[in-house]
Amino acid sequence: MKFLVAVNEFKGSLSSYEIGKIISNKINKSIYNHEVTMEVVADGGDGFLGLFKNFEKRQFKTINAALQEHTVNYLVNNITKEAVIEISEVIGLKQLSEGQKDPYKTSTVGLGKLIAHLLDEDIESFIIGLGGSATNDCGIGMLSELGIKFTSLSGESCSDGITDLSKIENINLDNKNQKLSKAKFTVISDVNSPLFGKNGATYIYSKQKGLKEDDILIVDAYVENFSEKVLAVIGKDYSSYPGSGAAGGLGYAFLSFLDSTIQSGSSFMINFLDLEKKIQGIDIVITGEGKLDKQSYMGKAPIEIARIAKKFNKKVIFLAGSILDEELRELSSEDKELVDASFSIQRRFLSLEKAMNKSVTKDNIEQTIKQILSILEFKNG
């Protein structure tokens, strides 16, 4: 039997690569003659760098979203003059303590410093994975490091967080980094949100970044006001463009000020890894993520992989930490047919903290795969 193992990260516990290796090893150690192909799943967020081969991993000392110095990983290919940046590595939530999560202060400056460094290294093509940011500043920190000047009515420079975003009255492009004229940015996002409004960056994602519920309407107005200032300067309005609200408005910053295109994270990953061709040659796809719910069916990678599998009449097994059956019952009949069998890996009642422990998750996955293999062999026997 031939398996494709392509499971998204279990956020806060195991990476896609770690899960893939656990499952592959368990299948390979079974007494049956199975073949396993493993792929890392990442649609722009944590683990995005793991998709890329033929790139050299490098490090750069910059600052995180809380303006503290830290060293980040990125990828570069000097032959093709390409670089890959994972936003969550640079200005991600994962670097911050609960007390540091404050989008009034958190900034994209550290990302701008990295991009400026790569421009100095003559990089001309950038692939940017947008997931997991801790910011809601519409990219003003990043853009400030690239020579775009934002100032208040009194002439004060504005570059850090919502506090500065709210003060911006003037935008000056005169000192924009000249090397940007040759640079192209491919922005990868699993988010289709516009910049502002009920489905925008602030309403949907800012609470997890530390914004209080009472401030959402106020901050959304700041963001909309900023977009009006940008429109007056560049003559184009990208605020309603799908993905402009990604990473707290970073998608909007790339579209408005840099030579950029936004692509769906799932589509990019599937095409980049040539998954459609690989799926044709296997029998069963094992995919999954931390939670299986209605949001899983809104363009997320595991279900998009399942969609391709069904195109070629392959069986799909979905692993998850938790499964919300009450939400899955509301799916269309077509969507319900995308997954043949779903399994929660939990074996006993545990606190969330204990359940997400790496060793516990590893053991739970191994035990679940053992049971799945037993069922498959029983059926084929």
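**Close-up 1. Asp-122 sits in the loop between helix H3 (109–120) and strand E6 (125–129).** This is a predicted model, where local features need pLDDT of at least 70, side-chain atom pairs count only at pLDDT 80 or more, and totals for chains, interfaces and linings use all residues. Residues are numbered from 1 along each chain as its sequence is written, and side-chain values use heavy atoms, with hydrogens and water left out. Helices (H or I, at least four residues) and strands (E, at least two) are DSSP runs, numbered from the N terminus. Asp-122 isn't a glycine, yet its phi is positive, at about 70°. Most residues other than glycine have a negative phi. How buried or exposed is Asp-122? At 44% relative accessibility, Asp-122 counts as partly exposed; that label covers everything between buried (under 20% relative accessible area) and exposed (over 50%), worked out with a 1.4 Å probe on protein chains only.

**Close-up 2. Helix H3 comes just before Asp-122.** H3 has 12 residues and reaches 17 Å from its first C-alpha to its last. That's close to the 16 Å expected at 1.5 Å a residue, where the expected span is 1.5 Å times one less than the number of residues. Nine of the 12 residues of H3 are buried, so the rest of the structure largely encloses this helix. If you want to find those buried residues, look for Val-109, Gly-110, Leu-111, Gly-112, Leu-114, Ile-115, Ala-116, Leu-118 and Leu-119.

**Close-up 3. Helix H7 covers residues 216–234.** H7 has 19 residues and reaches 27 Å from its first C-alpha to its last, close to the 27 Å expected at 1.5 Å a residue. Which residues of H7 are buried? They are Ile-216, Val-219, Asp-220, Val-223, Phe-226, Ser-227, Lys-229 and Val-230. Among the elements covering them are helix H4 (140–145), strand E7 (149–151), helix H5 (161–165), strand E8 (170–172), helix H6 (201–205) and helix H8 (246–257). Right after H7 comes Gly-235, with a positive phi near 80°.

**Close-up 4. Five phenylalanines, Phe-48, Phe-52, Phe-55, Phe-268 and Phe-272, form one aromatic cluster.** The structure holds 11 aromatic pairs. To pair, rings of Phe, Tyr and Trp (its six-membered ring) need centres within 6.5 Å; planes under 30 degrees apart count as stacked, over 60 as edge-to-face and the rest as tilted. Phe-52 and Phe-55 are an edge-to-face pair, 5.8 Å centre to centre with 75° between the planes. Phe-52 counts as buried at 7% relative accessibility, and Phe-55 counts as buried at 19%. Why is the pair of Phe-268 and Phe-272 stacked? Their ring centres are 5.5 Å apart and their planes are at 15°, so the pair falls in that class. Phe-268 and Phe-272 are four residues apart in helix H9 (residues 265–272), so about one helical turn separates them. Phe-268 is buried at 11% relative accessibility, while Phe-272 is partly exposed at 37%.

**Close-up 5. Helix H11 (301–311) leads into the loop that holds Asn-313, ahead of strand E12 (315–323).** H11 is mostly covered, with eight of its 11 residues buried. Those are Ala-301, Pro-302, Ile-303, Glu-304, Ile-305, Ala-306, Ile-308 and Ala-309. They pack against strand E1 (2–7), H9, helix H10 (275–280), strand E11 (284–292) and E12. Just after H11, Asn-313 takes a positive phi of about 60°, although Asn-313 is not a glycine. At 69% relative accessibility, Asn-313 counts as exposed.

**Close-up 6. Ala-320 is found in strand E12.** At 0% relative accessibility, Ala-320 counts as buried. What is Ala-320 in contact with, leaving aside its neighbours within four places in sequence? Its contacts (heavy atoms within 4.5 Å) are Phe-10, Glu-289, Gly-290, Lys-291, Leu-292, Phe-343, Ser-344 and Ile-345. Lys-57 is somewhere else: Ala-320 and Lys-57 are 263 residues apart in sequence and 30 Å apart in space, C-alpha to C-alpha.
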